[in-house]
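Let's take a walk through this structure, looking at the empty spaces inside and at the elements that surround them. Have the model open and follow along.

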Amino acid sequence: MLRTACSRVQRQLVRKNNHQLRWFTDTPTPTQAEEQPTPQVAASEEPWPETPDLKPKEVVELLDNHIIGQKDAKKAVAVALRNRWRRHHVVEDLRDEILPKNILMVGPTGVGKTEIARRLAKITEAPFLKVEATKFTEVGFVGRDVESIIVDLHKVAIRQTENRLRERFKEKVREAAKQTVLEALCGNTESAAGFREALDEGTLDDTMVEIDVEIDDPRRSDIIQMLHQIQLTQDELQNRVKIVRKKMPVKEAIETLDKQEMEKLIRAKDVAKEALRSTEQDGIVVIDEIDKIVVPSGSFKGTKSISDEGVQQDLLPLIEGTTVTTKEGVAINTNHILFICSGAFHQAKPNDMLAELQGRLPIRVELQSLGKDSFKRILTEPRNNLIRQHVEMLKTEEVEVEVTEDAIEKIADIAYHANNVVQNIGARRLITVVEKVVEEISFEAPDMAGQKVVIDAAKVHETVGHMMDRTDYSGLIL
């Protein structure tokens, strides 16, 4: 009977269009899934990756690929990262005593404060969270309290851990899913090798196949989240899943089986344990706009000012080291989380912060304003600079764009001038200028396939030259 089924499937494979195998049937094929056990993929016991062994110079070089200038800030975060690696390798009785040296970045907007921390998190693949200090209120006031920062960081760690596991098991799981579908099509026969080739090429994607599909208990997601509390085993969790037999195309069947196998491998206990470890040992939190909750010395302290100082007080134990308990009962220790606070401090000064908070941010780095030369370098040196982004996007419309050297000079000059006469928003001004320069080309691009466009200084002046003539008189109006 099995050979007969395989022969019938073989007859449905025909050659057409340059001898390419095509599938021309929607007829469901008999399956031997009941007789053949589903291949199981053993969970890997590989150790979790440690903090990367990067020298401070190597970290600075990696940051240079994306951020122009600001050497002092780059050195500060590079040393902080290296100290984290060093702490992991000291003797165990000293390890818990070494605390991170939190950083305060001071500088105008748009000079790279947040970008430095964000790129650092990508280099280390560490749990990273950026928040704005103005979003939080003192305990007792309506709004979010600062402990939610750690809760959100833990959620980021959970997602990263799951993604890391999925990437680790991806190839094994896909192989198991294909093997299950292959056995459902024709069983373990000599002709299975030929079907495997067709399966890999995708010629069987539309073939109907019958497989066992797991239907989740509606309470399953809640069970996974609380698994560490109620101590369910993986077998007990599987007992809450209902299995039904469904008929579907091969392509959909592989994706369904792939998802099922992956869920079996990603054990909730393992995810919860590693997410907690990475949050506590490798977490990085950037608190931006911290100057907005600082009251300038000598100014009137209204209700909002009192609340802002309350937020500073609430941040003290969080940055120094405390234990935050989530609503699921997970206790997260913040002793070794690296905090990077940043702000422009136009009105208030760093010395206006609570003295205790200043003491918990021992490394202070001042970032410099960006000049015309810096703008030019930002447009050309980073690997994924603005000019390259627009050139590559317009290539998708088959439009070739060339930006000349004098055009880049002109863009940098206009952006620098606009920052001086209107408001200094740093490198973000370049985004405004470049978008305006390519706006008309982007609009007409779908009808310009095969054409080449040259953007020179004259074109830039024609498009955004009026920005050079603008003067901000708002400060003179009574």
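Before we start, one term: contact here means heavy atoms within 4.5 Å. Keep in mind, too, that this is a predicted model.

Let's begin with α5, which covers residues 113-124. This helix has 12 residues and spans 18 Å from its first C-alpha to its last, close to the expected 16 Å. Which of its residues are buried? They are Lys113, Thr114, Ile116, Ala117, Arg119, Leu120, Ala121 and Thr124. An α-helix has 3.6 residues a turn, so residues three or four places apart point the same way. And what do the buried residues of α5 pack against? Their neighbours are the helices α2 (56-64) and α3 (71-89), along with the strands β3 (103-106), β4, β7 (284-288) and β10 (338-343). Just after α5 comes Glu125, with a positive phi near 55°.

The helix α5 also leads us to the largest pocket, since five residues of that pocket's lining come from α5, the largest share. The space in the largest pocket is about 1000 Å³. It is lined by 43 residues, and Gly110, Val111, Gly112, Glu115 and Arg428 are the closest to its centre. Besides α5, at least two lining residues each come from β4 (128-132), α13 (303-320), α16 and α18. The lining is a mix of classes: 16 nonpolar, 14 polar and 13 charged residues.

Now for the enclosed spaces. Rolling a probe the size of a water molecule over the atoms shows where empty space is left. How many cavities of 30 Å³ or more does the structure hold? There are two, and the largest has a volume of about 80 Å³. Here α16 (386-395), β12 (400-403) and α18 (428-444) each give at least two residues to the lining, with α16 supplying the largest share, four residues. Among the residues around this cavity are Ile387, His390, Val401, Val434 and Ile455. By class, the lining of the largest cavity has 10 nonpolar residues, one polar and no charged ones.

Ile455 takes us to our last stop, strand β13, residues 452-455. Val453 and Ile455 form the covered face of β13, while Lys452 and Val454 lie on the uncovered one. Strand β13 pairs with β12 in the parallel sense, over four bridges. In one of the pairings between these strands, Glu400 has Lys452 of β13 as its bridge partner.

Methods. Residues are numbered from 1 along each chain as its sequence is written. This is a predicted model: local features need pLDDT of at least 70, side-chain atom pairs count only at pLDDT 80 or more; totals for chains, interfaces and linings use all residues. Side-chain values use heavy atoms; hydrogens and water are left out. On a 1 Å grid over the protein atoms alone, a cavity is a set of points where a 1.4 Å probe fits but cannot get out, and a pocket is an open set with protein on both sides within 12 Å along at least five of seven lines; lining residues have an atom within 4 Å of a point. Grid points are joined across faces, edges and corners, and a volume is the space filled by probe spheres set on the points. Ala, Val, Leu, Ile, Met, Phe, Trp, Tyr, Cys and Pro count as nonpolar, Asp, Glu, Lys and Arg as charged, and the others, Gly among them, as polar. The expected span of a helix is 1.5 Å times one less than its number of residues. Buried means under 20% relative accessible area, exposed over 50%, partly exposed in between (1.4 Å probe, protein chains only). Two strands pair if DSSP finds at least two bridges between them.
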